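Got your viewer open and a free hand on the mouse? Load the model below, and we'll walk through it stop by stop.

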Amino acid sequence: VIMGTTGNENVGKEPMDLLRECLAKPTSRRKRASAEELSSFVRSLQFFRNMKTSNIVNVLLNARYRRCSQFEVVFQQGDPADLFYVLLEGEVSVYTTTKRQLLDSMRRNLIARCAVSTLSAEEKRLGAAKMEVSGYEEAGA
């Protein structure tokens, strides 16, 4: 809890709430003084532990806040690694695919596409045909 003089609007607020408020503002409306005030709290987080105060302040002034919905895919394997995420609250699951799993998936999709492309024009038009690939049924295109 932030303690201070009664003129400070942040008195009595939890640091995590202040961090959320700071990051929820557009970057153009964030104040250096607020970022500096939050830097010691941010440093208590494992990832930022050995980071210089000036770098933490820079992150706080320029970071983008993003609220994600349940089951939303935030990034996928193979996406460019040009940013990082800091989870403020909640849970995240990470799934990886081995090269073999990726090739198997591509092969199944290719077989499925070939099966769909060999349907007669009438079957495609009606969408009545079904195909089965490794026990998975999908309506024809």
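Before we select anything, here's a term for the tour: a residue is called buried when its relative accessible area is under 20%, exposed when that value is over 50%, and partly exposed in between. Also keep in mind that you're looking at a predicted model.

**Stop 1: the whole chain**

Switch to a cartoon view. You should find five helices and two strands, and if you trace the chain along its sequence, the pattern reads α-α-α-α-α-β-β. How much of the protein is buried? Of its 141 residues, 18% are. Now turn on a surface: the protein exposes about 11,600 Å², with carbon and sulfur atoms supplying 53% of that. As for the contacts with a separation of 6 or more, 35% of them link residues 24 or more positions apart.

**Stop 2: helix 1**

Select residues 15–24, which form helix 1. The buried residues here are Pro-15, Leu-18, Leu-19, Arg-20, Cys-22 and Leu-23. What lies over them? Show helix 2 and helix 3, since both are included in the cover. Pause on Cys-22: its relative accessibility is 6%, so it counts as buried.

**Stop 3: Ser-39**

Move to helix 2, residues 32–43, and pick out Ser-39. Is Ser-39 buried or exposed? Its relative accessible area is 6%, so Ser-39 is buried. To see some of its neighbours, show Thr-53, Ile-56, Val-57 and Leu-60, which Ser-39 touches once you leave aside residues up to four places away in sequence. Next, try your distance tool on the C-alpha atoms of Ser-39 and Asn-55: they sit 9.3 Å apart in space, with the two residues 16 apart in sequence.

**Stop 4: the largest pocket**

Now for some empty space. The largest pocket has a volume of about 1,600 Å³, and helix 1 and helix 3 (53–62) are the elements that give two or more residues to its lining. Which of them gives the most? Helix 3 does, with four residues. In total, 39 residues line this pocket, and to find its centre you can select Cys-68, Val-74, Tyr-85, Val-86 and Leu-87, the ones that lie nearest to it. Try colouring the lining by type: you'll get 24 nonpolar residues, eight polar and seven charged.

Stay with Cys-68 for a moment. Its relative accessible area is 37%, which falls between the two cut-offs, so Cys-68 is partly exposed.

While we're on cysteines, a disulfide is a covalent bond between the sulfur atoms of two cysteines. How many disulfides are there here? The count is zero.

**Stop 5: Phe-71**

Last stop: select Phe-71, in the loop between helix 3 and helix 4 (99–117). With a relative accessible area of 75%, Phe-71 is exposed. Check its backbone too, where phi is positive, at about 70°, although Phe-71 is not a glycine. Why point that out? Because most residues other than glycine have a negative phi.

Notes
Residues numbered from 1 in each chain as written. Predicted model: local features only at pLDDT ≥ 70, side-chain atom pairs only at ≥ 80, totals over all residues. Heavy atoms only, no water. 1 Å grid on protein atoms, 1.4 Å probe; cavity = no way out; pocket = protein on both sides within 12 Å on 5 of 7 lines; lining within 4 Å. Points joined across faces, edges and corners; volume = space filled by probe spheres on them. Nonpolar A, V, L, I, M, F, W, Y, C, P; charged D, E, K, R; others polar. Buried < 20%, exposed > 50% of the residue type's maximum accessible area, 1.4 Å probe, protein only. Contact = heavy atoms within 4.5 Å. Areas by Shrake-Rupley, 256 points an atom, 1.4 Å probe, with all protein chains shown as cover. Disulfide = S-S within 2.5 Å.
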